[in-house]
Amino acid sequence: VSMAVTPRDLNQLLVRCIEAEDVSFAIVHGLSNNRFTAYDVSTARALLGYAPQDDAFELFGHAVPS
């Protein structure tokens, strides 16, 4: 779940990639805004304005250790 991307967040990322004017090539991580993540999405945020909305832990109902 830490590496999940929801359809809404993936759609946003793809639209931002298509509409990016000053980026000819980039490799970015596209994950949802999960409370625990395996990868950093700061490059996607900075280059593309990507702002993931969903937390897969919450959406998929996985218990989070306290």
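The following paragraphs describe the fold, the surface and selected residues of a predicted model.

In this predicted model, the secondary structure of the chain amounts to 3 helices and 0 strands, and the order of these elements along the sequence is α-α-α. When the principal axes are used as the frame, the C-alpha atoms of the chain fill a box of roughly 40 × 20 × 15 Å. The chain has 66 residues, of which 26% count as buried. Where contacts in the chain between residues at least 6 apart in sequence are considered, 57% of them join residues that are at least 24 apart.

The surface of the chain was then examined. About 4600 Å² is exposed by the chain, and carbon and sulfur atoms supply 54% of this area. A nonpolar patch on the surface is formed by Val1, Leu59 and Phe60, which together have about 280 Å² of accessible area. Of these patch members, valine 1 is found in the segment before α1, a helix that covers residues 7–19, and valine 1 is partly exposed, with a relative accessible area of 36%. As for charge, the chain carries 4 positive and 8 negative charges, and the mean positions of the two sets are 6 Å apart.

The segment before α1 also holds serine 2 and threonine 6, and these two residues illustrate how parts distant in sequence are brought into contact. Serine 2 is partly exposed, at a relative accessible area of 23%. Although serine 2 and aspartate 55 are 53 residues apart along the chain, their C-alpha atoms are separated by 9.0 Å. When residues up to four places away in sequence are not counted, serine 2 touches Leu31, Asn34, Phe36, Thr37, Ala38 and Phe57. Threonine 6, by contrast, counts as buried, because its relative accessibility of 4% falls under the 20% limit for that class. With residues up to four places away in sequence again set aside, threonine 6 touches Ser32, Asp54 and Leu59; Leu59 is also one of the residues that form the nonpolar surface patch.

Attention then turned to pairs of charged side chains. Side chains of opposite charge can pair when their charged atoms come close. In the present model the count comes to 2 salt bridges. In one of them, the side chains of aspartate 54 and arginine 8 meet, with a distance of 2.3 Å from N to O. Aspartate 54 lies in the loop between α2 (42–48) and α3 (56–59), whereas arginine 8 belongs to helix α1, and the pair therefore ties together parts that are 46 residues apart in sequence. Aspartate 54 is buried, with a relative accessible area of 9%, and its contact with threonine 6 has been noted above.

A salt bridge is also formed by the side chains of aspartate 55 and arginine 35, for which the distance from N to O is 2.8 Å. Here aspartate 55 lies in the loop between α2 and α3 and arginine 35 in the loop between α1 and α2, so this pair ties together parts that are 20 residues apart in sequence. The two partners fall into separate classes of accessibility: aspartate 55 counts as buried at 14% relative accessibility, while arginine 35 is partly exposed, with a relative accessible area of 41%.

Two further loop residues complete the description. Histidine 29 is found in the loop between α1 and α2 and is partly exposed, with a relative accessible area of 37%. Histidine 29 and tyrosine 39 are 10 residues apart in sequence, and the distance between them in space is 6.8 Å from C-alpha to C-alpha. Once its neighbours within four places in sequence are left aside, histidine 29 is in contact with Tyr39, Asp40, Val41 and Ala44. Alanine 51, in turn, is found in the loop between α2 and α3, where it is partly exposed, with a relative accessible area of 29%. Alanine 51 and serine 32 are 19 residues apart in sequence and 8.6 Å apart in space, taken from C-alpha to C-alpha. If residues up to four places away in sequence are not counted, alanine 51 touches Gln12 and Arg45.

Methods: Residues numbered from 1 in each chain as written. Predicted model: local features only at pLDDT ≥ 70, side-chain atom pairs only at ≥ 80, totals over all residues. Heavy atoms only, no water. Helix = DSSP H or I, 4+ residues; strand = E, 2+ residues; numbered from the N terminus. Buried < 20%, exposed > 50% of the residue type's maximum accessible area, 1.4 Å probe, protein only. Contact = heavy atoms within 4.5 Å. Areas by Shrake-Rupley, 256 points an atom, 1.4 Å probe, with all protein chains shown as cover. Lys, Arg positive; Asp, Glu negative; His and termini not counted. Charge placed at Lys NZ, Arg CZ, Asp CG, Glu CD. Patch = residues over 30% accessible without salt bridge, like charges linked within 9 Å, V, L, I, M, F, W, Y side chains within 5 Å. Salt bridge = Lys/Arg side-chain N within 4 Å of Asp/Glu carboxyl O.
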